[in-house]
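Here is a walk through one protein model. Keep the structure open and follow along.

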Amino acid sequence: MMNLNLEAVSDLVQEGATGMWRSPGHDPQFFLRFPDATSRFPAGWARRDIEIECRENVRRPRLYWDSGDGFTERESMLLPYPVDGRCSRFAYIHRPLHGLRLAP
């Protein structure tokens with residue numbers, strides 16, 4: 001298991017020290033940073049577990065990955081709607097990943 005660090009990219013405002021975020025815009029995005037700048041997510045089967053709570057205007061989160069060509073729609077997946085604040089999905093990664101981006 002690997003915990004990744006959140007870095008707000010666009011349309012996100014943190015609400016104090018609560019760990020809660022809100023989006024004043026239409027395209028909220030987080031980079032999911034590896035704990036170590038030299039780390040890569042290895043190729044192979046992986047399960048993504050995301051804890052997320054949506055208060056309103058719920059839409060399915062999308063996870064993008066960068067395997068060397070940048071973030072693209074081709075290398076992304078819709079995650080299931082969160083249930084009890086959590087969504088999970090298995091996927092096969094063909095090449096080690098340089099980064100992940102979450103569009104909640």
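Where is the place of Ser76? Ser76 sits in strand 7, which spans residues 76–78. The model is a predicted one.

Start with the surroundings of Ser76. Its relative accessibility is 12%, so Ser76 counts as buried; the cut-off for buried is under 20%. The Ser76 side chain makes a polar contact of 2.7 Å with the side chain of Arg62. It also reaches the backbone oxygen of Glu73, at 2.7 Å. Neighbours within four places in sequence aside, Ser76 is in contact with Arg62, Leu63, Tyr64 and Trp65.

Leu63 leads on to the core. The largest nonpolar core has 18 residues. Leu63, Leu79 and Leu102 have the most contacts inside it. Which elements give two or more residues to this core? They are strand 4, strand 5, strand 6 (62–66), strand 8 and strand 9 (99–103). Strand 8 gives the most, with 3 residues. In soluble globular proteins, nonpolar side chains tend to be buried together.

Now take Leu102. Its contacts, leaving aside neighbours within four places in sequence, include Leu63 and Leu79. Phe30, Leu32 and Ile50 are also among them. So are Pro28, Gln29, Pro61 and Arg62. Arg62 thus appears twice: in contact with Leu102, and joined to Ser76 through side chains.

Next, the surface. Which residues form a nonpolar patch there? Trp45, Phe90 and Tyr92 do, with about 430 Å² of accessible area together. Tyr92 belongs to strand 8, residues 86–93. Its relative accessibility is 40%, so Tyr92 counts as partly exposed. Strand 8 therefore holds a residue of the surface patch and also gives residues to the core, while partly exposed means between 20% and 50%.

Two loops remain. Pro35 lies between strand 4 (29–33) and strand 5 (44–51). Is Pro35 buried or exposed? Pro35 counts as exposed, because its relative accessibility is 58%, and the cut-off for exposed is over 50%. Pro35 and Asn3 are 32 residues apart in sequence. In space, their C-alpha atoms are 7.6 Å apart.

Asp11 is in the loop between strand 1 (5–10) and strand 2 (13–14). Its relative accessible area is 31%, so Asp11 is partly exposed. What is phi of Asp11 near? The value is near 55°, positive in a residue other than glycine. Most residues other than glycine have a negative phi.

How values were computed:
Residues numbered from 1 in each chain as written. Predicted model: local features only at pLDDT ≥ 70, side-chain atom pairs only at ≥ 80, totals over all residues. Heavy atoms only, no water. Helix = DSSP H or I, 4+ residues; strand = E, 2+ residues; numbered from the N terminus. Buried < 20%, exposed > 50% of the residue type's maximum accessible area, 1.4 Å probe, protein only. Patch = residues over 30% accessible without salt bridge, like charges linked within 9 Å, V, L, I, M, F, W, Y side chains within 5 Å. Areas by Shrake-Rupley, 256 points an atom, 1.4 Å probe, with all protein chains shown as cover. Salt bridge = Lys/Arg side-chain N within 4 Å of Asp/Glu carboxyl O. Core = buried A, V, L, I, M, F, W, Y, C linked by side-chain atoms within 4.5 Å. Contact = heavy atoms within 4.5 Å. Polar contact = N/O pair within 3.5 Å; in protein donor to acceptor, adjacent residues only side chain to side chain.
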